Amino acid sequence: MLTASHISAKCAIYIHWPFCLKKCPYCDFNSHVRDHVDAAAWQRAMLDEIDHFKALFPNLQASSIFFGGGTPSLMPPETTAAIIEQVSSHWGNGDDIEITLEANPSSVEAGRFQNYKQAGVNRISIGVQSLRDDALKFLGRLHNVSEAMTALDVARNIFDHVSFDLIYARPNMTLANWKTELSEALAMNPSHLSLYQLTIEEGTAFDHQFRRGRFTLPDEEHAAALLTLTREMTLSAGLPAYEISNHAKPGAESQHNLAYWQGDFYMGIGPGAHGRLPSNTQGAAQAHGQISRPENWLAAVNKKGLGLESFETIDPKDRAVEALMMGLRLTKGIDLKAFQARFGVALHNFLDPVEVEKLSASGHIAQENGFFTLTPSGVPLLNYLLGRLLA
Amino acid sequence: MTDQKNIRNFSIVAHIDHGKSTLADRLIQHTGGLSERDMQEQVLDSMDIERERGITIKAQTVRLKYTANNGENYVLNLMDTPGHVDFAYEVSRCLSACEGSLLVVDASQGVEAQTLANVYQAIENDHDIVTVLNKIDLPAAEPERVKRQIEDVIGLDTEGAIECSAKSGVGIEDVLEAVVQHLPAPTGDPSAPLKAMLVDSWYDAYLGVMVLVRVIDGVVKKGQTVQMMAAGTEHQIDRVGVFTPKGVMVNQLSAGEVGFITASIKEVSDTNVGDTITDAKKPCAEALPGFKPSQPVVFCGLFPADADDYPKLRDSLAKLRLNDASFEFEAESSAALGFGYRCGFLGMLHLEIIQERLWREFDLELITTSPSVIYKIHMVKGDMLELHNPSDMPDVVRIDYIEEPWINATILVPDEFLGAVLKLCEDKRGIQENLTYVGTRAMLNYRLPLNEVVYDFYDRLKSISRGYASFDYEMTNYDRSDLVKMSILVNGEPVDALSMLVHRSQAEARGRVLCERLKDLIPRALFKIPIQAAIGGKVIARETLSAMRKDVTAKCYGGDITRKKKLLEKQKKGKKKMRMYGKVEIPHDAFIAALKMREN
Ligand SMILES: Nc1nc2c(ncn2[C@@H]2O[C@H](COP(=O)(O)OP(=O)(O)O)[C@@H](O)[C@H]2O)c(=O)[nH]1
Ligand SMILES: C[S@@+](CC[C@H](N)C(=O)[O-])C[C@H]1O[C@@H](n2cnc3c(N)ncnc32)[C@H](O)[C@@H]1O
Ligand code: SF4
Ligand SMILES: [Mg+2]
């Protein structure tokens, strides 16, 4: 069970809305299709859980709120409003914080953007996925390109901060194809873009089809070239990668996502959400995971006020390893001073000095101005490099 | 003390799985050696590994008390022998301690390769033989056909052959009667000076070194000072006992009897199997002929996967050797593998068993280098050296010629697989000596180079015959051969653990397979890695492992981090077991996997 902690710390708040109109064939997120959702019951449960977290962690300060999914743009705006209200009253200090909502670009949802704004949402992230109709079809999406464009227009008229997602490295995608598609995206002058290479996740419909040879994906060489192209194009468009797949105009980075990558605390509310919360031991954290199946989560919250199913204490060493895994995803890398301040030991205690030496010499990692980073040639090899770097 | 005319010392010889251990269990049970409760299957196979693999590794004995139909009480000493060719040597020494054998043949299978090999050994030892057709409970049993086969192929009279089922117990009484009626009693002189054969010895955690003896003449008893004639050492006897199969102390063992002694003996290696034990004060006139000590024929290096385990490996090998004097080891070091041991084994099964015991009993993960036989290298200068390790191969310009060991192999195989088996033997440089038929099965005699058999011959034989072929062999001679040292180079660095001597005609094919294997086994690096097989400076096969280009995951949120961390930890553990060859890391299990030469 989670242990109550009166520690005062910043914490990013994640709210998971687990429902979608249709399950996309590539998606392994905790998303479920239901004919009917009892909106009132869900709102009650979410608020209930928030109250229970408040009792356990009364002194946190919410640094961002993120409504993710599933499809949170299917959530009744009243629910969104109630949640924001509750979080602010528990953990707010009156400052404006980033409040993001993930949205699917259908006309119905775009029609509600204004209501979300009134509820307190100030940033929207739209799952455009592609600017090509045939690709949207392949990805099993319910929208087409023109609907996506409309949704984007509506969003930009309403919100100051709009981001959208694209999935690339799709079957048969050439460098030239992607170059044109990405240019079109950049021409819309977004302040934030998430550009993900298509990955085949275990247990998805694509996994099944891919293993049967129904389609092929770019090989590693080509995928690497697509990644490089993406980074070059976004950089020259003034939207450099600040994380492996995330690009923003300077200052427009998502605060919520930065919290994950910088190793801050975060709280997960709703089915399948995970979190890292303060522990009374310095440098350690309490990891928690929620029940994934929506109905089971709801039943658990109705009964006990919390839908948690897993707890684990993460000792300072493990937490430092996590911070390294996440921190190296950031372009700026790991702030060595901040690291030392948080964990009480220097990052280098966790690294194999021989490998650090070798990988610096081969130009895959660098250390400059108090930051430990991957170089452009190191970025595509993050997993491999982590394996070598960790002592 | 039992009158010698009421003693029978006998062995059971059989092809593997024909029911030797089951029959032994049944005989023990029938004569009341163990209560129903103590009876666990295959009581004589005492090591876990023996029970699991269903093979007997060490010789075992048991004393049975039997009241025959004629009303007389008999003492029957049953010596169970190992069934695998690697341990043929132990079979022969057991046989020399008995006067007769039960030849067990599975009535549904008929004569197999080891049936022949073992029965010939029994005949060589002058044994009287009782034929037992086992498994007659099986619907497929054809005792009459199998009897004819035994007469045709081995030339044994099957007039008095007994049909039984070791499983159901049918015919067990007949087997015991036949032992008493048809096998001879020992004929030593109980009043002559002590003359006993040292049959086997092993280390027991409670009793120390135990020596299995067969008394030929005279008496051995507690307190007596005995002399080991070949070793020239003297010891005072602490205990005398027999196995029932539990160890039971007795006052003495006299002419014709089998049992164990313990004495002030420190190590198993202080006892020579086949040595003659006599009374120190009143020695016998003439020693027994003795045995040639068993010689390891297959060598390989064993290195701990985790270099920190080296002292543990040393201690574990020493412990295993306490009980198995037939394998050798000496320290070896390799640039990439670190410290380890060069070990000699009686054969591939023996090697596998030791490796498995190290893992199972001592929790040691190992890197095994390519197995090698002993080559005789004749130098230009006229001297000869025995090469146990391909990496010690002298410069070719100093070598005049090389000889390699050959074997005589006997293979029995159903007709339908004959073509495939012939091809296998030809591929392995075999020379056909004979092809006859045993019923519907072909019996092949082939001369084969041992080094071809060491690799994967047995596995391949089993797989191409769907398990129906049986195989046995004996070492015969050394012969001149066009052997070359094949090196494997990874990123230009020779991998010593994988270098091997091969026949020139086989080098390219084997090199290709090895390179292909390694390509799948070596993790990719930041640069591309050429993998080559070479003879001297000449590359005969090549593969290229492409450089790693991208492995970063596109999306990573809070949720999946725990799983990723676990993956990374696994990766980290694996790293400890990697070996560096130049700039390339090779995981420890790649060595074993690469050397399993099984195609497909
Ligand atoms: N049906 C049947 N199976 C038997 C008989 N004797 C042994 N077996 C089985 O044959 C297999 C091999 O027996 P085992 O005694 O281990 O053979 P060993 O390798 O000669 O010692 C085992 O599965 C036994 O259960 C028998 O008389 N009838
Ligand atoms: C939580 S998901 C989806 C949010 C929203 N429901 C939608 O579909 O637009 C966030 C993003 O992850 C990306 N994504 C999900 N599965 C992916 C996969 N298998 N490969 C690449 N990107 C993926 C998509 O771009 C998606 O917009
Ligand atoms: S990609 Fe988005 S819309 Fe599609 S199933 Fe996943 S969460 Fe739902
Ligand atoms: Mg057996």
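Strands β4 (61-69), β6 (123-129) and β7 (161-168) of chain A each contribute at least two residues to the shell around ligand 2, and this shell is a convenient place to enter the structure, which is a predicted model. In total 18 residues surround ligand 2, and the closest of them are Tyr26(A), Gly127(A), Asp165(A), Tyr196(A) and Thr199(A). Although these closest residues belong to chain A, the shell as a whole draws on chains A and B, so the site is shared between chains. Sorted by class, the residues around ligand 2 comprise seven nonpolar, seven polar and four charged residues.

Gly127(A), one of the closest residues to ligand 2, also belongs to the surroundings of ligand 3. Around ligand 3 the shell further includes Cys20(A), Cys24(A) and Cys27(A), together with Lys23(A), Phe29(A) and Ser31(A). Gly69(A), Gly70(A), Thr71(A) and Asn104(A) are also part of the surroundings of ligand 3. By class, four residues of this shell are nonpolar, six are polar and one is charged.

Ligand 1 takes the reader to chain B, where Gly19(B), Lys20(B), Ser21(B), Thr22(B) and Lys167(B) are the closest of the 17 residues that surround the ligand. Helix α1 of chain B, which covers residues 20-30, provides the largest share of this shell, namely three residues. The shell around ligand 1 divides into four nonpolar, eight polar and five charged residues.

Within chain A, two helices offer a clear example of how elements are laid against each other. The axes of helix α1 (residues 39-56) and helix α2 (residues 77-91) of chain A come within 10 Å and cross at roughly 10°; because angles under 35 degrees count as roughly parallel, α1(A) and α2(A) are described as roughly parallel to each other. From α1(A), the contact is made by Ala39(A), Trp42(A), Gln43(A), Met46(A), Leu47(A), Ile50(A) and Lys54(A), while α2(A) contributes Thr79(A), Ala82(A), Ile83(A), Gln86(A), Val87(A) and His90(A). Taken by class, the residues of this contact are eight nonpolar, four polar and one charged.

Chain A also holds an open sheet of three strands, arranged in the order β15-β17-β16 with antiparallel pairing. Its edge strands, each pairing on one side only, are β15 (334-335) and β16 (365-368) of chain A. Between β15(A) and strand β17 (residues 371-374) of chain A, the antiparallel pairing runs over two bridges, and Asp335(A) stands opposite Phe371(A) in β17(A).

The two chains also meet directly, with 21 residues of chain B in contact with 31 residues of chain A. On the side of chain B that touches chain A, eight residues are nonpolar, five are polar and eight are charged. A pair of helices, one from each chain, can be followed in detail: helix α12 (residues 316-327) of chain A and helix α12 (residues 561-576) of chain B have axes that come within 11 Å and cross at roughly 100°, which means that α12(A) is roughly perpendicular to α12(B). Here Val321(A), Glu322(A), Met325(A) and Met326(A) in α12(A) meet Ile561(B), Lys564(B), Lys565(B) and Leu568(B) in α12(B). The contact of α12(A) with α12(B) has five nonpolar residues, no polar ones and three charged ones.

Turning to chain B itself, its secondary structure comprises 13 helices and 32 strands, and buried residues make up 47% of its 600 residues. Among the contacts in chain B with a separation of 6 or more, 69% are accounted for by residues 24 or more positions apart.

Strand β24 (residues 441-449) of chain B shows this burial at the level of a single element, being mostly covered, with seven of its nine residues buried. Strand β22 (residues 399-414) of chain B runs antiparallel to β24(B) and is joined to β24(B) by nine bridges, with Ile407(B) standing opposite Leu448(B) in β24(B). Strand β23 (residues 431-438) of chain B is likewise antiparallel to β24(B), in this case through seven bridges, and Val438(B) stands opposite Arg441(B) in β24(B). Two residues lie between β23(B) and β24(B), which form a hairpin, and in the turn Gly439(B) has a positive phi of about 65°.

Conventions. Residues numbered from 1 in each chain as written. Chains lettered and ligands numbered in written order. Predicted model: local features only at pLDDT ≥ 70, side-chain atom pairs only at ≥ 80, totals over all residues. Near = placed C-beta within 6 Å. Helix = DSSP H or I, 4+ residues; strand = E, 2+ residues; numbered from the N terminus. Nonpolar A, V, L, I, M, F, W, Y, C, P; charged D, E, K, R; others polar. Contact = placed C-beta atoms within 7 Å. Pairing = 2+ DSSP bridges. Axes fitted to C-alpha atoms, helices over the stretch in contact; angles between N-to-C directions. Parallel < 35°, antiparallel > 145°, perpendicular 65-115°, else oblique. Buried ≥ 20, exposed ≤ 12 C-beta atoms within 10 Å, placed from the backbone.
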